[in-house]
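Subject: Structure for your review

Dear colleague,

Please find below the structure that I am handing over to you. My notes on what was found in it follow directly after.

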Amino acid sequence: MDWSKIKTIFIVTFLILDVYLLFQFLTIRDANKYEIATEAPFEEKLKADGIKYVDLPKAQIKAQYLSAKPKVFTKNDVAKLKGQVAAISGDSATTLQVSLEKPLQLSSKFDPVDLSGFLKDDVLYGDKYQFWEKDDKARTITYFQQFEDSPLYQNINGMITFYYNPRNQLVSYQQTYMEGFEKLTAKEEILPPLKAIETLHQKGVLKPKSNITKIELGYSTLVQLAASQVLTPTWRFVINDKESLFVNAFEGQIIQFNSDEKTSVE
């Protein structure tokens, strides 16, 4: 066989191989395009499950890690409380136990506004807390401390628990307070709330027919150290005006709080 025929055979063979590879490539590309085209947008999945939600923030939000430490109360702090009997408790003197000399009457239908004046004028750093919940069974009213208008969720070192008697009179309270806030990092983009909702949906935590009635951004404890703690931005989703679900706004884990600690689940 002469060289000219061998060359022709090679050319034809490689041409057939190229056509075959091109065919395979186009087949795979079309298959991928079909998968993308048939993937339903997440919003449609929510709609199919009957899940509704309030308007979401349209702008990208940035936040950062913080650190803070529990305040150690002193006799000077106690001396500032008028008409109240206060005692400092806890191994590190970070808790204030206060009894009112004259009980404060609450209205039959409690509104946080009822306590706003007392908080502002008679409670240490009272303007740094915001209402969280009223528990009629335990007869308690809980306020969470906030940082730059963002609440510190379920932080036992940053809350006030008020106690009221069967006559609907406020009689005492327990207070903790975080101070020395420091910004540990520069602000970074956090997960969009829709992405956090997707995590709740994928994990089965967000049930069909749910109505997300409120969305807000706060902080939860990421690392508890001996004398301080690291706080991470956290999305809170209020379901049907009752239950609250939390998602780490940086890392995307679902956060579950216990009475005095929190755990995260994937």
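Two strands are said to pair if DSSP finds at least two bridges between them; helices (H or I, at least four residues) and strands (E, at least two) are DSSP runs, numbered from the N terminus. This is a predicted model, in which local features need pLDDT of at least 70 and side-chain atom pairs count only at pLDDT 80 or more, while totals for chains, interfaces and linings use all residues. Residues are numbered from 1 along each chain as its sequence is written, and side-chain values use heavy atoms, with hydrogens and water left out.

Strand pairing

Strand S4 (residues 84–89) pairs with strand S5 (residues 95–105) in the antiparallel sense, over 6 bridges. Within this pair, Ser-89 has Thr-95 of S5 as its bridge partner. The hairpin of S4 and S5 has 5 residues between the strands, and Gly-90 takes a positive phi near 90° there.

S5 is also joined to strand S10 (residues 169–175) by 6 bridges, and these two strands run antiparallel. Here the bridge partner of Gln-97 is Gln-174 in S10.

Another antiparallel pair consists of strand S6 (residues 129–135) and strand S7 (residues 140–147), joined by 6 bridges. Gln-130 stands opposite Phe-144 in S7. The hairpin that S6 and S7 form has 4 residues between them, and Arg-139 in the turn has a positive phi of about 55°.

Nonpolar cores

A nonpolar core is a set of buried Ala, Val, Leu, Ile, Met, Phe, Trp, Tyr and Cys residues joined through side-chain atoms within 4.5 Å. Buried means under 20% relative accessible area, exposed means over 50%, and partly exposed lies in between (1.4 Å probe, protein chains only). In soluble globular proteins, nonpolar side chains tend to be buried together.

The largest core in this model has 22 residues, and those with the most contacts inside it are Ile-197, Leu-200, Leu-206, Ile-212, Trp-235 and Phe-237. At least two residues of this core come from each of helix H2 (42–48), helix H5 (193–202), strand S13 (211–224), strand S14 (229–239) and strand S15 (243–248). A second core, separate from that one, has 21 residues, including Val-98, Ile-141, Tyr-164 and Tyr-177.

Tyr-177 lies in the loop between S10 and strand S11 (178–183). Tyr-177 counts as buried because its relative accessibility is 10%. Its C-alpha atom is separated by 8.8 Å from that of Ile-156, the two residues being 21 residues apart along the chain.

Ala-68, in strand S3 (residues 66–70), is likewise buried, with a relative accessible area of 2%. The C-alpha atoms of Ala-68 and Asn-157 are separated by 9.8 Å, although these residues are 89 residues apart along the chain.

Salt bridges

A salt bridge is a side-chain nitrogen of Lys or Arg within 4 Å of a carboxyl oxygen of Asp or Glu. The whole structure contains 6 of them.

In one, between Lys-134 and Asp-136, the closest N and O atoms are 2.4 Å apart. Lys-134 counts as partly exposed at 29% relative accessibility, whereas Asp-136 counts as exposed at 54%.

Another joins the side chains of Glu-198 and Lys-195 (3.5 Å, N to O). These two residues are separated by about one helical turn, because they are 3 residues apart in helix H5. Lys-195 is partly exposed, with a relative accessible area of 43%.

Glu-216 forms a salt bridge with Lys-214, with 3.8 Å between the closest N and O atoms. Glu-216 counts as buried at 14% relative accessibility, while Lys-214 is partly exposed at 40%. Lys-214, Glu-216 and Arg-236 are joined into one network by salt bridges that share partners.

The second largest pocket

On a 1 Å grid over the protein atoms alone, a pocket is an open set of points where a 1.4 Å probe fits, with protein on both sides within 12 Å along at least five of seven lines; lining residues have an atom within 4 Å of a point. The residues that line the second largest pocket include Lys-62, Phe-147, Glu-148, Lys-183 and Tyr-219. Strand S2 (62–63) and S13 each supply at least two residues of this lining, and S13 gives the most, with 3 residues.

Yours sincerely
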